[in-house]
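Please look at the sequence and the structure shown below before reading on. The report after them goes through sheets, loops and surface, and explains each term where it is needed.

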Amino acid sequence: MMRKKSISASKASLVLFLCQMISALEVPLDSKLLEELSQPPTITQQSPKDYIVDPRENIVIQCEAKGKPPPSFSWTRNGTHFDIDKDAQVTMKPNSGTLVINIMNGGKAEAYEGVYQCTARNERGAAISNNIVIRPSRSPLWTKEKLEPNQVREGDSLVLHCRPPVGLPPPIIFWMDNAFQRLPQSERVSQGLNGDLYFSNVQPEDTREDYICYARFNHTQTIQQKQPISVKVFSTKPVTERQPVLLTPTGSTSTKVELRGNVLLLECIAAGLPTPVIRWIKEGGELPANRTFFENFKKTLKIIDVSEADSGNYKCIARNILGSAHHVISVTVKAAPYWITAPRNLVLSPGEDGTLICRANGNPKPNISWLANGVPIAIAPEDPSRKVDGDTIIFSHVQERSSAVYQCNASNEYGYLLANAFVNVLAEPPRILTSANKLYQVISDSPALLDCAYFGSPKPEIEWFKGVKGSILRGNEYIFHDNGTLEIPVAQKDSTGTYTCVARNELGKIQNEVQLEVKDPTMIIKQPEYKVVQRYGQVSFECIIKHDSTLLPAVIWLKDNDELPDDERFLVGKDNLTIMNVTDRDDGTYTCIVNTTLDSVSASAVLTVVAAPPTPAIIYARPNPPFDLELTGQLERSVELSWIPGDENNSPITNFVIEYEDGLHEPGVWHYQTEVPGTQTTVQLKLSPYVNYSFRVIAVNEIGRSQPSEPSEQYLTKSANPDENPSNVQGIGSEPDNLVITWESLKGFQSNGPGLQYKVSWRQKDVDDEWTSVIVANVSKYIVSGTPTFVPYEIKVQALNDLGYAPEPSEVIGHSGEDLPMVAPGNVQVHVVNSTLAKVHWDPVPLKTVRGHLQGYKVYYWKVQSLSRRSRRHVEKKILTFRGNKTFGMLPGLEPYSSYKLNVRVVNGKGEGPASPDKVFKTPEGVPSSPSFLKITNPTLDSLTLEWGSPTHPNGVLTSYILKFQPINNTHELGPLVEIRIPANESSLILKNLNYSTRYKFYFNAQTSVGSGSQITEEAVTIMDEAGILRPAVGAGKAMASRQVDIATQGWFIGLMCAVALLILILLIVCFIRRNKGGKYPVKEKEDAHADPEIQPMKEDDGTFGEYSDAEDHKPLKKGSRTPSDRTVKKEDSDDSLVDYGEGVNGQFNEDGSFIGQYSGKKEKEPAEGNESSEAPSPVNAMNSFV
């Protein structure tokens, strides 16, 4: 509740404020209505007050506003009108007030320093932004200075001064050596808040010449380096120990002023040997818990989120074994203005009253001033309906001309707050927003809610009629809600009909008709019953329903609250469920659920599967229900219950379940109370106050549960205060200016008495405020309006009834509503890892600008174009979310050699903040995809034509194509592999000098500068030589491969082979006879044979004859003198052999037996890709050797 004020004017303001809360119009969030209503401007987005910009990038000063009609924008700079049309470097975004100052094309950021303010104006008023101070960041160079070496005695103290250049914003200081390694710090050596490096005492290991102070200017991403400082420590024996002396701060006392909400940093660094230890205390008080931290080896005291209560004297004590030194810092906490109650927009009807309240606090107390449409209210046009009373503006009998935007400025020497709030006076005839002839259908005996959403100014009166000429509806059987809704608490069949809603004000009248149909409820008139069935038997459950004839029911069966097993043994009929061949797995609870569009009913039954009994059968069944229940020893909070067990039916009772009914709060509903072992027949039950108890008992054995016993007599306990408070108390705002307090209501029996209510209390955390409380009933939610955005509140909810309060509840912390984040993440940097992966970094936004619970950051990225195709396509943005306060993330799945853009946004519970400026990055080249196709056409005897398409994804600049091919013989073995490199601008190739009637396998892929892409394969066959004669392929080069004619299955071929075999046999016999007779081949014959390489003697190993030397004319044929199996002729075996036609012993033969060494030259052994054919020589090839 609001605090009482002593002056009468404030009381009047309070009364008017309450009137405002009652009479101010609520505008429904209907999109069509909002588009039609006039509204003064509202600033929706603006740059921060202190805006430091990068002097190398364009300056973007944000100003966005909404209003009806759309507002126009203007700017002031340093208090005077800023004419952007006269500055070619400045542009304003379309339909926006955002300024873009072009620095990257010749502008100078320093020329645009100053204070900027945006005004958004339409016919209803003018809203203004904060004063936005634009300053370019600065990272000046270090001034050159001559640094003398420091000669220090061991054990003495030393201070190395950094004195960095003054930058904007101030730089981050750190000390490193020449190897760019951070200098180690400890209790003895540490860096102070001013950047200097302090040595409490120096040691010999401190001697070095590269103490370097670095200043990092984050805004411009630059680092400045001071000249190295040299320190030389000389030793003296013995080293004198010294008691502590403070190096900083100097003197015995000092003062410090800090602002509320900031971080307080106090520092004490002491000299001494041994190294002193620092301790902190607060005189006359304790250091604040949970907000106090010690840094820099306890030399720095850090208190976060300081408030006025943190003012006082803080003492640091430096101590070693020789003594101590101390220093007292007097801390004063001041406060820039902060809101207590910010002014809120006001929508009024002509003739109504209202108030705008602007309350802020600070230290010193801020001065409140008002402006109207951006002009000080003292010199603004007069408005007779307006009266200013300090922090309140009172409006009386407003008219449409009273519409305006008012600005409240709260300022003191430490800052200011500026808030816009409009007064919108609307004169609108009534409008009904509910669609005409809307049909409502309900079940009989249930509530019916008929909507009549409306708007008008002044607020219309709503009346309801039934029927075309019916009278106005009145009486207790109807409830009329403030939003126009008509509620019929218990609708009956005769409630069916047409209902008319009439809305009227002094500007007009409108009506709307809706239809109500009341349906009969759906009922299960024959419910499934408990069944016991033997294994492998059959069982059926019935579920017969009755329903309204206009509703279509759907019947669903469940087993143990899950779908029926997918088993053909389960047969679902119209009114029943049958289970065939029952097994133990079918044991469980079966539920019949009947659904219509308006209601749902269900009924369940248990199926127990028992083993087939031996002969004679022993019947195992659930126990009979207990009986003869009796209550004794009745007390206020306990009673004793006893019973007699029923027959256990051949299965011992394992336990009893006791249930209770509360006839006062929930008649007919049974709740679990407790359970006891099956050997126990009495139990002491704990009771709650103000409950009309009845008890029943259920027996349980291995077969299942018995039917419940008959209820016991009733026992009504006395009323008492509530024993407990509501649970799950939460405070979460649904709007930026409210706090929604929710809780779980107590159950009926928890009320402990009649008149259950809840006392809801709240106050803003860390603000010296009293508790505000309200008492509510029959609800579990309360909305606190007019709160600041996302501030913590202490909340408690206490139960009470007619007899008194529950115990004092515990407090919980909630937050008022979140608003969208204010600023975008800065310093977005992208590091491209490889052609498909990039890493993005950003600076976290200040938590104060998040204005809600930080949920993480979203990275939006999209491909702009491919660098190889230079063609744009539909931009598909991708989004990656990084939870928490992460400041980096990986972007996978990028396309190589492409240009991308990305931006980063911070996310809270309300939504996303503004996007950071788009960052452009490019991915490097990658390997291409496979060619889009490979076609082989125009086969001839010795050539094939290859055609191909470029890769669908070149992923870079193509440098060439690689073609590899090799022949395939009849056994699918691969021949030598040939590789050809083809220029990237080619799309076809004629491959010549191939063997006829030969199958080739081709491997084809594309290359970029990065490497080869995936290959595409094809096979093709050259056409058959019609003459059927094999010719030597002179000049075939690498394209030559073994020629084979696949005619082995032809009839004529088989006959020919038989003749050839016989002829070879005869020739062998003749040669053998001639050799035995001492005959020899004449030299001339050999010379003639040399003249035609196709007419060569055949070696025995491959179907040809071998040669003999003259030196062996009269000798018998030696074993091993024939051509070896590797198709070479040894030199010593024949001086005149076929090897003479090749180049050394590596001369080779074709598979047809012909010698090819003289045509192809010496051929290197092929790589492992191809394999020589190992099949037996073809008889046809042998015949060709004789031709």
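An open sheet is formed by four strands in the order S60-S59-S62-S63, with antiparallel pairing. Strands here are DSSP runs of E with at least two residues, helices are DSSP runs of H or I with at least four residues, and both are numbered from the N terminus; two strands pair if DSSP finds at least two bridges between them. At the edges of this sheet stand strand S60 (666-677) and strand S63 (715-716), and because each has a single partner strand, one side of each is left without a neighbour in the sheet. Strand S62 (residues 692-700) is joined to S63 by two bridges in the antiparallel sense, and Tyr693 has Tyr715 in S63 as its bridge partner.

This is a predicted model, in which local features need pLDDT of at least 70 and side-chain atom pairs count only at pLDDT 80 or more, whereas totals for chains, interfaces and linings use all residues. Residues are numbered from 1 along each chain as its sequence is written, and side-chain values use heavy atoms, with hydrogens and water left out.

**Further strands**

A second open sheet has three strands in the order S22-S26-S25, again with antiparallel pairing. Its edge strands are strand S22 (264-267) and strand S25 (292-295), each of which pairs on one side only. Neighbouring strands of this sheet are turned against each other by 20 degrees on average, direction ignored, where the axes are lines fitted to C-alpha atoms and angles run from 0 to 180 degrees between N-to-C directions. S25 and strand S26 (residues 300-303) run antiparallel and are joined by four bridges, and the bridge partner of Phe294 in S26 is Leu301.

Strand S32 can be followed towards two partners. With strand S36 (residues 404-412), strand S32 (residues 367-372) pairs in the antiparallel sense over six bridges, and Trp370 stands opposite Cys408 in S36. With strand S33 (residues 375-376), S32 pairs in the antiparallel sense over two bridges, and here Leu371 has Pro376 in S33 as its bridge partner. Trp370 and Leu371 can be looked at with a general rule in mind. In a regular strand the side chains alternate between the two faces of the sheet. The hairpin of S32 and S33 has two residues between the strands, and in this hairpin Asn373 takes a positive phi near 55 degrees.

**Backbone angles in loops**

Two asparagines in loops also have a positive phi. Asn650 is found in the loop between strand S58 (638-644) and strand S59 (655-662), and Asn938 is found in the loop between strand S79 (931-937) and strand S80 (944-951). Two prolines follow cis peptide bonds: Pro238 is placed in the loop between strand S19 (229-234) and strand S20 (242-248), while Pro274 lies in the loop between strand S23 (269-273) and strand S24 (277-282).

| Place | Angle and value |
|---|---|
| Asn650 | phi near 65 degrees |
| Asn938 | phi about 50 degrees |
| Lys237 to Pro238 | cis, omega near -5 degrees |
| Leu273 and Pro274 | cis, omega about 5 degrees |

**Buried or exposed**

Why is Asn650 called partly exposed? Its relative accessibility is 46%, and the class partly exposed lies between buried, which is under 20% relative accessible area, and exposed, which is over 50% (1.4 Å probe, protein chains only). Ile84, in the loop between strand S6 (80-81) and strand S7 (90-92), counts as buried because its relative accessible area is 15%. Leaving aside neighbours within four places in sequence, Ile84 is in contact (heavy atoms within 4.5 Å) with Val90, Met92 and Leu99. The C-alpha atoms of Ile84 and Ile101, which are 17 residues apart along the chain, are separated by 9.8 Å.

Val1070, in helix H4 (residues 1051-1076), counts as partly exposed because its relative accessibility is 40%.

**The whole protein**

The protein has seven helices and 85 strands. Of its 1187 residues, 42% count as buried. Among contacts between residues at least 6 apart in sequence, 65% join residues at least 24 apart.
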